[in-house]
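The following exercises concern the assembly of a multi-chain protein model. Each task is followed by a solution that proceeds step by step.

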Number of protein chains: 4
Amino acid sequence: MGNTLRVAIIGSTGYGGVELIRFLLGHPNIQITSVISSSSSGSLLGDGFPHLRDIVTDLLDGVDVPLIREKSDLVFTATPSGVSAKLVPQLLEAGLKVIDLSGDFRLKDGALYEQWYKHDAPPQELLNEAVYGLAEIYGEEVRDVPFISNPGCYPTATLLGLIPAVKAGWIDPATLIVDAKSGVSGAGRGLGLTVHYSEMNENFLAYKVNQHQHIPEIEQVLTREAGKPVTTTFTTHLVPMTRGILCTMYASVNGNRTNAEFIQLYSEFYKGRKFVRISPEGKWPATKEVWGSNYCNIGFAADARTGRVTIVSVIDNLVKGAAGQAIQNMNLMMGWNEALGLELTPAFP
Amino acid sequence: MGNTLRVAIIGSTGYGGVELIRFLLGHPNIQITSVISSSSSGSLLGDGFPHLRDIVTDLLDGVDVPLIREKSDLVFTATPSGVSAKLVPQLLEAGLKVIDLSGDFRLKDGALYEQWYKHDAPPQELLNEAVYGLAEIYGEEVRDVPFISNPGCYPTATLLGLIPAVKAGWIDPATLIVDAKSGVSGAGRGLGLTVHYSEMNENFLAYKVNQHQHIPEIEQVLTREAGKPVTTTFTTHLVPMTRGILCTMYASVNGNRTNAEFIQLYSEFYKGRKFVRISPEGKWPATKEVWGSNYCNIGFAADARTGRVTIVSVIDNLVKGAAGQAIQNMNLMMGWNEALGLELTPAFP
Amino acid sequence: MGNTLRVAIIGSTGYGGVELIRFLLGHPNIQITSVISSSSSGSLLGDGFPHLRDIVTDLLDGVDVPLIREKSDLVFTATPSGVSAKLVPQLLEAGLKVIDLSGDFRLKDGALYEQWYKHDAPPQELLNEAVYGLAEIYGEEVRDVPFISNPGCYPTATLLGLIPAVKAGWIDPATLIVDAKSGVSGAGRGLGLTVHYSEMNENFLAYKVNQHQHIPEIEQVLTREAGKPVTTTFTTHLVPMTRGILCTMYASVNGNRTNAEFIQLYSEFYKGRKFVRISPEGKWPATKEVWGSNYCNIGFAADARTGRVTIVSVIDNLVKGAAGQAIQNMNLMMGWNEALGLELTPAFP
Amino acid sequence: MGNTLRVAIIGSTGYGGVELIRFLLGHPNIQITSVISSSSSGSLLGDGFPHLRDIVTDLLDGVDVPLIREKSDLVFTATPSGVSAKLVPQLLEAGLKVIDLSGDFRLKDGALYEQWYKHDAPPQELLNEAVYGLAEIYGEEVRDVPFISNPGCYPTATLLGLIPAVKAGWIDPATLIVDAKSGVSGAGRGLGLTVHYSEMNENFLAYKVNQHQHIPEIEQVLTREAGKPVTTTFTTHLVPMTRGILCTMYASVNGNRTNAEFIQLYSEFYKGRKFVRISPEGKWPATKEVWGSNYCNIGFAADARTGRVTIVSVIDNLVKGAAGQAIQNMNLMMGWNEALGLELTPAFP
């Protein structure tokens, strides 16, 4: 397999890691050569994740950069924020391509990072080097680069839903309000009362209001696309379900725009991009329409009565919001069809 | 039991009806004298609702106004919108007190009703007569009146969350955006794919965007409280859970107001009202905090960065959003303690 | 309030503890005089359980036996197994009445306890003294005693479903198989992957097969009732819901017995006992029929084709399986109506 | 694509139909040439199933046998029982290969069919001709035949869990009891209170006790494998989740057999069969381990104390219990690798 890309995954014992594995196992151009966990090296991934028993049969490797380099060409770092900041420089220096799924390299401004993430920022030259892989928007920029910072789950849903209207000048960025809702898997596999079944089942709640670290990421991109500073109000909620993000976005419309016009604008903007689907007039997307897949569905409700538009976008937070988009970025980086290995139909019901 | 109020419930085979029964069975001052269903009269309520087997042992009555009058003093009409419009006039004419849980008598403007509800409006004199029973706000107005229109579930959560700030002039009503989320029981017991378990489980969706009939109800009250016309953007979503509404409300703040100031304003506004609880700073309410109870919890996040405040309110849609507030209105109408029969602690977990 | 019983609750920060509080707050004959937590004394219960904010307003006490004795007459110990074994002797010695919700005093044989619970057994004289409070069966025995051991959740559902048939000799105890399913709250508030929302949602699993510590408890009672040694096969499963236990029980029938005969046998056996309801022929109970209440519903399917009967029973594990039955036992101990404070209608839907 | 098999799907608007489409879209050797619905012909499948919007872009065909024959070589009939009985004879006569997912051709005895299914039986010669496609057991028999009857969901989980022990004579078939639990999607897309979200959420129930039409199917196969008549007690339950079946099976063991011996027996029996996985000692499978995939996982608990073994098996009811096994049967029928198009890793969490 001369053309096969050898891939390692660091952080295999998190939800992002096992989701990468689920998709990469079906990818025609790659071979998973190392599945890495700092905490569980030497054991079988299937011991902690029985769904992978008899599927992933190699023992977990530890974090050993020279060994990773020997076995692989590209590394996905599905590590917690703070860990990637320290690990990625070593991987890049060793000559590996890196796609980082932590948030450590998304903000270009180290001071802003430290304010929102409460960790020391990574080296500024790496913040500069990292290409922000919002695939449908910056797909050209990730081609052939060695280092991609994969977008956050909330920013992906939000930005794909807003950028066409912002770029077209149809909405006023100063009026933007984003009400975001996520399934519980977004909180990861760590333990806590918030993710305790008995407390989260039959429950819906807001958290980190105005304090979520994805806020500056969204504002950084919108500021770039709007060509002027954008500040947003952004609220996150937890939904009693495992997967899915739905963002409801509000903005004042410049002039009169109908739903049909929004649909046309977005359809043309995303023309040829398989993973963005526009809902027909009078329909708004549901998270289950994209469950387990790399799709992002977007719908509109322009309201002449209030002069505002309501834009609704949905993704699977673990796929388009993490592992799927990371693989899409790998495909684009390598010059392959962006959909390779990602063509799973959503699972319904 | 000379002082006992004799109560009938019409629409006993809906979720509002059985929730009325759950609370009324424990109410010290009333006796349920007739449980009425147009579709199931002559049968046992426990046949369709096994949780009531051996608890409600009288057969269901049909809708027979003279018989209702003979057996009871007050009627709760938990009937579908359109049905109440025709039935309530007869009940009132027979001399019964009526608390209506349909939406038919909430809007004062019959034309507006017909526009949003797509039914013929009830007689204008009854629209005028109906007192809107938002208990913590208009509790004085319902005292001794014969006819109360019980508020909708979404309006209850929204209005309790907004009115203190609107009345104080702290927020700009022109900037109001309400993002509302409801458990599935709000859609009632009728059948349909939207409430099909396999389609709604592990799903989150927006519906009726800008089209929900609770919009004019909210605007009518806010217009009254603000003293000038208020128009809102209001979005409804379905959450994969049975009970609970959470409203996330956004508005621009007039001047600088801290969370502590909002907490103080609301604490004073609702002082002495048992069923409204204000969350401490840095905490936002979760629907499970009020599950099965008549409480409404409210929390705040004022954001100097954006000049907006985010207000979060939660209720149980079937209790404070329907049956519980209806009983609270009955208590107020009769001059009793508003909490009589409603002092159930939320069920957790 | 001269006739008021003063009650303390130890273990208030577990699910059993807050469920005791939910019911005791509505009990006409008691006053909660101390809410006790070894881990959180000095703080407000509402800090960890926001549903109780503004409802329980006294600070948590620590475990101080003399103080408990001073403030209260009866103590519910909703403590983990192993803790009660050490604490209860002190409480009894201080002259308090005790109703213990841990499993520490259910088995009469200390060696059996140590085999299944993996802790040191409590003193044998206390194992002898503890009266096993399966309320509908041993209600006479708990009257006026100072110390009641409250049954386990699974044993309550199982034994209420089996004892009438076993006592009547209608089923062969040697053939008994019990397939039990529980909501996740049965696992308590402790953290772990098994109760992690993302892992337990949309999941169903068997656990502790043949190893659950409730097995010897069930066998001890059935052996007493059958008058000969009974051994059972008993399997526990976790259901993705918060509350509810359903036991499906299989046994060979001695002779031919119809469903109608089983229904008659059980109806007569439980005549006058409010909290046991027998399902009509062709209906089997669902856990939601008893949600939040102290009921146990039982249904039957006798099968002439196989010579076996299938008995299905349901309870709310936190109520009839814990807090509710404990209060029922208090009522019986005090000579009160067993239903005092427990007359909550199940919450549906 | 000279070697491509042209495939039609009848019953595309049911859950079995859309699950067939999800897998067949990724199958390398086939082309979906017609997607058929009697009720929705002429419309887009994506209108009723938005997850398929822009993925399935051909309009739905009606049921037109000559047209089906013209466009395709093989038909999956995911039609309701009773419909297949009438339709399949026409398809076979037209020269099409048929894999039927209804239950109409599973029982060899037409009288037994009519007793359990309450419909007229299909022609006896077709009952004789249909090969029962329990893939891991009768994979050799389906090779090259034109007509396969796909097993039921419960029988698949039950029979894969029991057959090795029955054939080895390790368990006594006369003592068999099967306690089966299914996610709600097993009840199909039809409307009803049982599948109403508000009634099924946070609920667990038994249904059709001793009356499920899968009972004679299980007994027919066990009778064949045991070489003597087998009668079983079989109970079905609904779990508040969408997908997954777990069967807990009980039988008396002939002689003493350890868990390790059961594990070895089954591991050898299923050696080389990718889709059956045996759980290690002390572990029992959870439905989530196989979610969305064609796997069946099996675990054991032999109990010397009672002389019984408890066998636990799990499948995804829509995959291994329906669409996945149907495709596996197609692969075997065509002489292909049984796993073609089915190699999706379970989705977790």
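**Exercise 1. Symmetry of chains A and B**

What rotation, and what shift along its axis, superposes chain A on chain B?

*Solution.* It should be stated at the outset that the model is predicted.

Step 1. Chain A is superposed on chain B by a rotation of 180° with 0.0 Å of shift along the axis, and the RMSD is 0.0 Å.

Step 2. The two copies are therefore related as by a two-fold rotation axis.

Step 3. The contact residues agree with this relation: 100% of those of chain A recur in chain B, and the same surface serves both copies.

**Exercise 2. The interface of chains A and B**

Determine how much area chain A and chain B bury between them, and describe the side that chain A contributes.

*Solution.*

Step 1. Begin with the residues: 52 of chain A are in contact with 52 of chain B.

Step 2. Between them the two chains bury about 3900 Å², and carbon and sulfur atoms give 54% of this area.

Step 3. Of the area that chain A buries against chain B, 18% is supplied by A:Glu202, A:Phe204 and A:Arg305, more than any other three residues supply.

Step 4. Next, consider the polar links. The interface of chain A and chain B holds four salt bridges and 39 residue pairs in polar contact, both residues being at pLDDT 80 or more. A:Arg305 forms a salt bridge with B:Glu219, in which the closest N and O atoms are 2.7 Å apart.

Step 5. Several elements of chain A give two or more residues to the side that touches chain B, among them strands β7 (177-183) and β13 (308-315) and helix α10 (214-226).

Step 6. Sorted by class, this side of chain A has 25 nonpolar, 16 polar and 11 charged residues.

**Exercise 3. The interface of chains A and C**

Establish how chain A is related to chain C, and which residues of chain A lose the most area to chain C.

*Solution.*

Step 1. A rotation of 180°, with 0.0 Å of shift along its axis, superposes chain A on chain C with an RMSD of 0.0 Å. Among the residues of chain A, A:Tyr197 comes closest to the rotation axis, its C-alpha lying at 2.1 Å.

Step 2. Of the interface residues of chain A, 100% are also interface residues in chain C, so the copies meet through the same surface.

Step 3. In this interface 19 residues of chain A are in contact with 19 residues of chain C. The two chains bury about 1700 Å² between them, 55% of it on carbon and sulfur atoms.

Step 4. The residues of chain A that lose the most area to chain C are A:Leu191, A:His196 and A:Tyr197, which together account for 38% of what that side buries.

Step 5. Chain A and chain C share two salt bridges. In a salt bridge between A:Arg189 and C:Glu199, the side chains meet at 2.6 Å, N to O. There are also 18 residue pairs in polar contact between chain A and chain C, with both residues at pLDDT 80 or more.

Step 6. Helix α9 (residues 197-200) of chain A gives the most to the side that touches chain C, namely four residues. By class, that side has nine nonpolar, eight polar and two charged residues.

**Exercise 4. A salt bridge within chain B**

Which parts of chain B does the pair B:Glu141 and B:Arg224 tie together?

*Solution.*

Step 1. Side chains of opposite charge can pair when their charged atoms come close.

Step 2. The side chains of B:Glu141 and B:Arg224 meet in a salt bridge at 2.6 Å, N to O.

Step 3. B:Glu141 lies in helix α7 (residues 135-142) and B:Arg224 in helix α10 (residues 214-226) of chain B, so the pair ties together parts that are 83 residues apart in sequence.

Step 4. Over all chains, the count comes to 62 salt bridges.

**Exercise 5. Backbone details and a recorded domain**

Locate the cis peptide bond of chain B, and describe residues 6-145 of chain A.

*Solution.*

Step 1. B:Phe348 and B:Pro349 are joined by a cis peptide bond with omega of about -5°. B:Pro349 is in the segment after α12 (319-334) of chain B.

Step 2. In chain D, a cis peptide bond joins D:Phe348 and D:Pro349, with omega of about 0°.

Step 3. UniProt, in an unreviewed entry, places the feature "domain: Semialdehyde dehydrogenase NAD-binding" at residues 6-145 of chain A. Over these residues the chain is 39% helix and 16% strand, and the end C-alpha atoms are 17 Å apart.

Terms used. Residues numbered from 1 in each chain as written. Chains lettered and ligands numbered in written order. Predicted model: local features only at pLDDT ≥ 70, side-chain atom pairs only at ≥ 80, totals over all residues. Heavy atoms only, no water. Contact = heavy atoms within 4.5 Å. Buried area = accessible area lost by both parts, 1.4 Å probe. Polar contact = N/O pair within 3.5 Å; in protein donor to acceptor, adjacent residues only side chain to side chain. Nonpolar A, V, L, I, M, F, W, Y, C, P; charged D, E, K, R; others polar. Least-squares fit on C-alpha atoms with pLDDT ≥ 70 in both. UniProt positions renumbered as here; feature names shortened; annotations may be inferred.
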